[in-house]
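Got your viewer open? Let's take a short walk, one selection at a time.

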Amino acid sequence: MTLTAFSPPPPGADYDDLRQEVRAFLADELADFPPIKRAQSWNGFSRDFSRKLAQRGWVGMTFPKEYGGHARSALERYVVSEELLAAGAPVISHWIADRQSGPLILAKGTDDQKRRIVPRIAAGELCFCIGMSEPDSGSDLAATRTMATEVDGGFRINGTKVWTTYAHVADYMILFCRTGKSDDRHGGMSQFLVDLKATDNIQITPIIDLGGEHHFNQVVFDDTFLRSDALLGEKGEGWSQVMSELAFERSGPERFLSSFALIEELIRLLREDATEAQQAEIGRLSAHLMVLRQMSRSVAGMLNEGESPSLQAAIVKDLGALFEQDIPRLARSLVSRPAVPGGSDSYAAVLAYTELAVPSFSLRGGTREILRGIIARGLGLR
């Protein structure tokens, strides 16, 4: 069995000046942002807020300057991401594009794709969604059935994607589908850049979550035509592209800070007169949070060095989901107060919201079963 190392981030990776600058900006921008809004974490949607971040140079931070980016390090981007999430800022409008779609286009896109799309991502103007999961296959992406059939001038797409976050407002989707047959289960896959605002024969219908909110969608492609220049990279290399994307998607601070608003509310209530037992539980919680943070920052350091730490990212995602999902249980054990949606009691409202949200934490970005299969293979256990 091969052990997987999580190296410490490089020295000087705290970037204290940048962190303080972001905190000051957020203190001003979110001064009237209530706890229940902060509890939405990175699901909060605001194009105006994303544009303001972009004006500060905090979107597209790692992109080359020739494409509207700022040529900063993955660790500097990590600092900004961490502060945004801890503050509960509404970032989903640019989050997916900045986190994985932009880097994928930069790595695999044509010159035309890069020049048309990437500067607009860096300006906070484009919202992307992820066309990976499907009915009956979910996180088992190798079971993808959506088919792209090559025709004169492009491809015809037929199939269905599901759990597609914010597809109903997104400008673009990166679509993962089959483009051919292969004896290799991971072969014959490709990805496409789909303009959702200008492409016919795409039906987007809402999936309402447990909290009654509309984040998820089902997206049906019904003989949808995509021009040849919508192909991302080479035909047939979709699997390797997706694996590199998932290293970005699974390792960031969003994998352990999605319940942070509830942690803050819990500490606020206990700060004045916590018992020794309550203090011990908060200490244990804080220790787990710090370990996850170090592991996640380690992955950011690997990405900064051009590595592809997909195994380490899967470990961060699995442990982070366990941590986040345990926060409501811990809160209920420490504070005897019912969770009530809405109302003036911010702790009760945030607890209620988080309890309805946490079941999804072990689904998004890869189900627990799929992740543990990846980890087992990576450690030589299967």
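Start by selecting Ala261: is Ala261 buried or exposed? Keep in mind that you're looking at a predicted model. Ala261 comes out at 13% relative accessibility, and since the cut-off for buried is under 20%, Ala261 counts as buried.

Now see what surrounds that residue. Show everything in contact with Ala261, skipping residues up to four places away in sequence, and you'll get Pro35, Arg38, Ala39 and Val350. While you're there, click Gln40 and draw a distance between the C-alpha atoms of Gln40 and Ala261: they are separated by 8.5 Å, although the two residues sit 221 residues apart along the chain.

Next, widen the selection to helix 8, residues 260-270, where Ala261 lies. Add helix 9, residues 276-304, in another colour. The axes of helix 8 and helix 9 are 12 Å apart, and the pair packs at an angle of about 150 degrees. The cut-off for roughly antiparallel is over 145, so helix 8 runs roughly antiparallel to helix 9. The crossing of helix 8 past helix 9 is left-handed.

Turn on side chains at that contact. From helix 8, pick Phe260, Ile263, Leu266, Ile267 and Leu270; the residues they meet in helix 9 are Gln278, Ile282, Leu285 and Leu289. By type, the contact holds 8 nonpolar residues, 1 polar and no charged.

Last stop: select residues 15-125. An unreviewed UniProt entry annotates this span as "domain: Acyl-CoA dehydrogenase/oxidase N-terminal". Colour residues 15-125 by secondary structure and you'll find 62% helix and 0% strand, with the end C-alpha atoms 27 Å apart.

Note on methods. Residues numbered from 1 in each chain as written. Predicted model: local features only at pLDDT ≥ 70, side-chain atom pairs only at ≥ 80, totals over all residues. Heavy atoms only, no water. Helix = DSSP H or I, 4+ residues; strand = E, 2+ residues; numbered from the N terminus. Buried < 20%, exposed > 50% of the residue type's maximum accessible area, 1.4 Å probe, protein only. Contact = heavy atoms within 4.5 Å. Axes fitted to C-alpha atoms, helices over the stretch in contact; angles between N-to-C directions. Parallel < 35°, antiparallel > 145°, perpendicular 65-115°, else oblique. Left-handed = near helix turned anticlockwise from the far one by under 90°. Nonpolar A, V, L, I, M, F, W, Y, C, P; charged D, E, K, R; others polar. UniProt positions renumbered as here; feature names shortened; annotations may be inferred.
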